[in-house]
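User: Please take a close look at one part for me: the largest pocket. Then set it against the rest of the chain. Short sentences, please.

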Amino acid sequence: MARPREFDETVVVAAARERFHETGYAATSLDDLTKATGLGKGSLYGAFGDKRHLFQRALDDYCAAATEAIAQALRGPDDGALARLQAYATGVANDSSARDRRGCLLANTTVELAGRDAEAAAVALSTYEALEAEIAACVAQAQRHGDVPGQSDPHDLAAVFTATMRGVEVLGKAGTARRKLRTIADAAVHALTVG
């Protein structure tokens, strides 16, 4: 009979996610993960199978949490929709210019793995689509309130806005100044209002 686990899986996944976020998938060794989580190799393998499965679990958790956080930030009444989009864009710019320049784990994973890892690519695509859907819903609210012209499809506007925010993240990781990232974010919001 197997012994019960003596660790909190959620805590272990969070510690592994931080390590992967810091160094990326390829540069994170199993020794790095044992140090980060406090578990031995046997326990990690027993609980998660291997490094790849632990990474997938960490990425899935990160994407679910990020999607939910953005959904909560963008939901509300029609009359505040444009302000919520502005706050979101400003937040992306500010977070992207953080001193550690780690960037977004989703964006980092997309760049590092999506071209050669079908599962990582699928998670990235579905997460981007979920984020875009939340943004489109908020744009549609702003259109109903009259803050964004109604002639453009909110999904098209959301696609451009999402791509711009992902670009801000990459520029921030490269070291672009916060002021410039904020200017780009503000321009993305302004572009929504001019149709």
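Analyst: The chain has nine helices and zero strands. A helix here is a DSSP run of H or I with at least four residues, and a strand is a run of E with at least two, both numbered from the N terminus. Read from the N terminus, the order is α-α-α-α-α-α-α-α-α.

This is a predicted model, and local features need pLDDT of at least 70, side-chain atom pairs count only at pLDDT 80 or more, while totals for chains, interfaces and linings use all residues. Residues are numbered from 1 along each chain as its sequence is written, and side-chain values use heavy atoms, with hydrogens and water left out.

Now the pocket. On a 1 Å grid over the protein atoms alone, a pocket is an open set of points with protein on both sides within 12 Å along at least five of seven lines. A cavity is a set of points where a 1.4 Å probe fits but cannot get out. Lining residues have an atom within 4 Å of a point. Points are joined across faces, edges and corners, and a volume is the space filled by probe spheres set on them.

The volume of the largest pocket is about 490 Å³. Its lining counts 21 residues. Which of them lie nearest the centre? They are Y62, V92, D95, C104 and E169. Three helices each give two or more residues to this lining: α4 (51-74), α5 (81-96) and α8 (154-174). The most comes from α5, with six residues.

What is the lining made of? It has 11 nonpolar, four polar and six charged residues. Nonpolar covers Ala, Val, Leu, Ile, Met, Phe, Trp, Tyr, Cys and Pro; charged covers Asp, Glu, Lys and Arg; the others, Gly among them, are polar.

Compare the enclosed space. The chain has one cavity of 30 Å³ or more. The largest cavity has a volume of about 30 Å³. Lining it are L30, L33, L44, Y45, D50, K51 and L54. At least two of these residues come from each of α2 (30-37), α3 (41-48) and α4. By class, five are nonpolar, none is polar and two are charged.

F20 touches some of these cavity residues, among them L33, K51 and L54. F20 sits in helix α1 (residues 9-23). F20 is classed as buried because its relative accessibility is 2%. Buried means under 20% relative accessible area, exposed over 50%, and partly exposed in between, with a 1.4 Å probe and protein chains only. Beyond four places in sequence, the contacts of F20 also include A58 and L105. A contact means heavy atoms within 4.5 Å. F20 and A58 are 38 residues apart along the chain, yet their C-alpha atoms are separated by 8.4 Å.

T127 belongs to helix α7. T127 counts as buried because its relative accessibility is 6%. Leaving out residues up to four places away, T127 touches C63, T67 and L106.

V111 gives the opposite case. It lies in helix α6. V111 counts as exposed, because its relative accessibility is 69%. V111 and R166 are 55 residues apart in sequence and 11 Å apart in space, C-alpha to C-alpha.

Next, two loops. D117 lies between α6 (105-113) and α7 (118-145). With a relative accessible area of 15%, D117 is buried. Its side chain reaches the backbone nitrogen of E119 at 3.0 Å. D153 is in the loop between α7 and α8. D153 is partly exposed, at 37%. The side chain of D153 reaches the backbone nitrogen of H155 at 2.6 Å. Such a polar contact is a pair of N or O atoms within 3.5 Å; within protein, one must be able to donate a hydrogen and the other to accept it, and residues adjacent in sequence count only if both atoms are side-chain atoms.

D153 also shows the reach of the chain. D153 and K51 are 102 residues apart in sequence and 42 Å apart in space, C-alpha to C-alpha. Along its principal axes, the C-alpha trace spans about 65 × 35 × 25 Å.

Finally, the whole chain. Of its 195 residues, 43% are buried. Among contacts with a separation of 6 or more, 70% join residues 24 or more positions apart. The accessible surface is about 10100 Å², and 55% of it belongs to carbon and sulfur atoms. Accessible areas come from the Shrake-Rupley method with a 1.4 Å probe; for residues, only the protein chains shown count as cover.
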